[in-house]
Amino acid sequence: MRIVLVHPAGSNWIPGRKDMAAVANRMAPLGLLSIAAYLERAGHTVFVHDCLGPHAPSGISANVSRIMENEPDLVGFSATTSGFLDGYDMAVAIKRIRPEVRTVFGGVHVSALGSRLLEPFEHIDFLCPGEGEATLTELADGRAPGEIDGLIWRDGEHIVVNPPRAHLPDLDALPFPAYEKLAGFPKRYNLPLFSYILAPGATMVTSRGCPYRCSYCDRSVFHQGFRYNSPDYVYAHMHYLRTRFGVRHLNVYDDLFTLNRKRIAGLCDLLVDRPLGMQFNCAVRVGHVDDELLRMLQAAGCLMVSLGIESGDPNLLAVHKPGVYLDEVKSTVSRIQAAGLRVKGLFMMGLPGETAASIRKTSDFVMSLGLDDMNMAKFTPFHGAPVWRTIFEEGTVEEDWRLMNCLNFVFVPKGIDAKETLDRLYNTHVKRFYSDPAWRRRFMRRTWQHRHSLWHMFKHLPDFLYAMRTFEPKK
């Protein structure tokens, strides 16, 4: 079967402003690439069309034309909440051109909402919640829809929800993602600026799931379990990216990279014994990184560790990220830097219960940590997150899927008077962090290390100046 897997562009910026997301950080759609490799191993012909890719055209019609050039029998869309409607617009256009082409949607939005999507969106033939590799392969193999676990489908006028598919038991059995199907990979898929020294860069996922239950996190796809690739598999994957594509830096986007300490220690030993000439970044959680492991990560080539902190208000942490305490956060940041690693703090503004006072607490806490970098997301209530159950009691919600991308405030908690107030407080904090003299001195000492980022910034200077003005606090 001929299959095209599509990553819809969706909305990745602020309404009314030029979309700058791909210029600042263009990530490979790893989920689609994993499914593509799995399908090809089963004997199918697969194409991947990334609507955010470096060679993708602009607009629904132009992207549909590219998709249809491959003469597909089946088109699969993997969509976030903000990308779902773009994907559906393309499905409608595909059905107009060739009604016999079957369309299937998967991804986090589908996994969260499930069968409710089929009735209002009539041009979708199948939904594939959860992991898509085996489900989509059985569909492509021609197996009867009623026999495919994990599939949601139409039987005439009826919507049928098949039994859920069990998680893949052995992630080492998966082929490496089909990176070669991305035009311009890896050089045109840029990592976040100043998060790397060596280039080109790429992304990787080495585990699925997380045992924690933070209020804001949508676990619809992988749920609360934790499965992972072995150290040997991860090393082989890194070696493949290094030798096949020349990748020099990896951002590992596991939710909790160091949860299984023995696994990471084994990987570090391999990277020390057989160096690949690569560096990598990863994410950890307070309580899952000891001093010895930090030293091992540094010796293995780790450059920067991201730490999910979310808020500087202990009352908000107790509700939304239980088990994380501010004193322990401070200690962890200090220990990470003492081990010779950089630390990036991950925060979230606008959570239920947030007030102007709690935002000031968070901003002051951020500034006290001496972070090497910081990311402040705009809280977005996703359908699959625990907080969704009570979100309409906590404040006002603008349920516009296109805006639900963590770059727009679609939720205003009761303690804040207006969305404009949140935007002003957000922009004020961002400017405060990057204007801090101590942070600027630290950045200037590393200027030459970041020459690849600076060159990328120089090539797109008008775009970056435009983006900077977007986050200028209004008087």
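So, strands E6 and E7: E6 covers residues 152–155, and the two pair in the antiparallel sense over four bridges. If you want one pair to click on, take isoleucine 152, whose bridge partner in E7 is valine 161. Before I go on, remember that what you're looking at is a predicted model.

Okay, zoom out to the whole sheet. Which strands form it, and in what order? Seven of them make an open sheet, running E2-E1-E3-E4-E5-E6-E7, and the pairing is mixed. Strand E2, residues 45–50, and E7 stand at the edges with a single partner strand each, so one side of each has no neighbour in the sheet. On average, neighbouring strands are turned by 25 degrees against each other, if you ignore direction. And for anyone who wants the reminder, strands of a sheet pair through backbone hydrogen bonds, either parallel or antiparallel.

Now E1. It runs parallel to E2, with six bridges joining them, and it also pairs with E3 in the parallel sense, over four bridges. Valine 4 is a handy residue here: its bridge partner in E2 is phenylalanine 47, and its bridge partner in E3 is valine 75. How many of the six residues of E1 are buried? Five, so E1 is largely enclosed by the rest of the structure.

Two helices to point out on this sheet. H3, residues 60–68, packs on it and touches E1, which is 2–7, along with E2 and E3, the last being 74–78. The direction of H3 makes about 165 degrees with that of E2. Then H4, residues 84–97, lies across E1, E3 and E4, running at about 175 degrees to E4.

While we're on E4, have a look at threonine 103, which is found in that strand, residues 102–106. Is threonine 103 buried or exposed? Its relative accessibility is 0%, so threonine 103 counts as buried. Setting aside neighbours within four places in sequence, its contacts include Leu74, Val75, Ala91 and Lys95, and also His123 and Asp125.

Next stop, the loop between E7, which is 158–161, and E8, which is 201–204. There are some backbone oddities in there. In general, most residues other than glycine have a negative phi, and most peptide bonds are trans. But the bond from phenylalanine 185 to proline 186 is cis, with omega near 0 degrees, and proline 186 sits in this loop. The bond from alanine 199 to proline 200 is cis too, again with omega near 0 degrees, and proline 200 is in the loop between E7 and E8 as well. Then there's phenylalanine 194, not a glycine, with a positive phi near 65 degrees, also placed between E7 and E8.

Another one for the odd-phi list is glutamate 310, which has a positive phi of about 75 degrees without being a glycine. Glutamate 310 is found in strand E13, and it counts as buried because its relative accessible area is 8%.

That brings me to helix H9, residues 291–300. Its buried residues are Leu293, Leu294, Met296, Leu297 and Ala300. Why say they line one face? Looking down the axis of H9, they fall within an arc of 160 degrees, so they line one face of the helix. On the other side of H9, Arg295 and Ala299 are exposed. What covers the buried residues of H9 includes helix H8, 261–273, strand E12, 279–284, strand E13, 302–310, and helix H11, 326–338.

Check the ends of H9 too. Aspartate 290 caps the N-terminal end, with a side-chain oxygen 3.1 Å from the backbone nitrogen of glutamate 292. Just after H9, glycine 301 takes a positive phi of about 115 degrees.

Last topic, the cores. The largest nonpolar core has 87 residues, and those with the most contacts inside it are Leu5, Phe185, Met238, Leu250, Phe280 and Val329. Which helix gives the most to this core? That would be H2, residues 30–41, with seven residues. Apart from that core lies another, of 42 residues, with Cys51, Phe77, Met348 and Trp388 among them.

And a last click on phenylalanine 280: beyond neighbours within four places in sequence, its contacts include Met238, Leu250 and Phe257, plus Leu297, Ala300 and Gly301. Leu297 and Ala300 are the ones you just saw among the buried residues of H9.

Definitions and conventions: Residues are numbered from 1 along each chain as its sequence is written. This is a predicted model: local features need pLDDT of at least 70, side-chain atom pairs count only at pLDDT 80 or more; totals for chains, interfaces and linings use all residues. Side-chain values use heavy atoms; hydrogens and water are left out. Buried means under 20% relative accessible area, exposed over 50%, partly exposed in between (1.4 Å probe, protein chains only). The arc is that of the directions from the helix axis to the C-beta atoms. Contact means heavy atoms within 4.5 Å. A polar contact is a pair of N or O atoms within 3.5 Å; within protein, one must be able to donate a hydrogen and the other to accept it, and residues adjacent in sequence count only if both atoms are side-chain atoms. A nonpolar core is a set of buried Ala, Val, Leu, Ile, Met, Phe, Trp, Tyr and Cys residues joined through side-chain atoms within 4.5 Å. Two strands pair if DSSP finds at least two bridges between them. Axes are lines fitted to C-alpha atoms, for helices over the stretch in contact, and angles run from 0 to 180 degrees between N-to-C directions.
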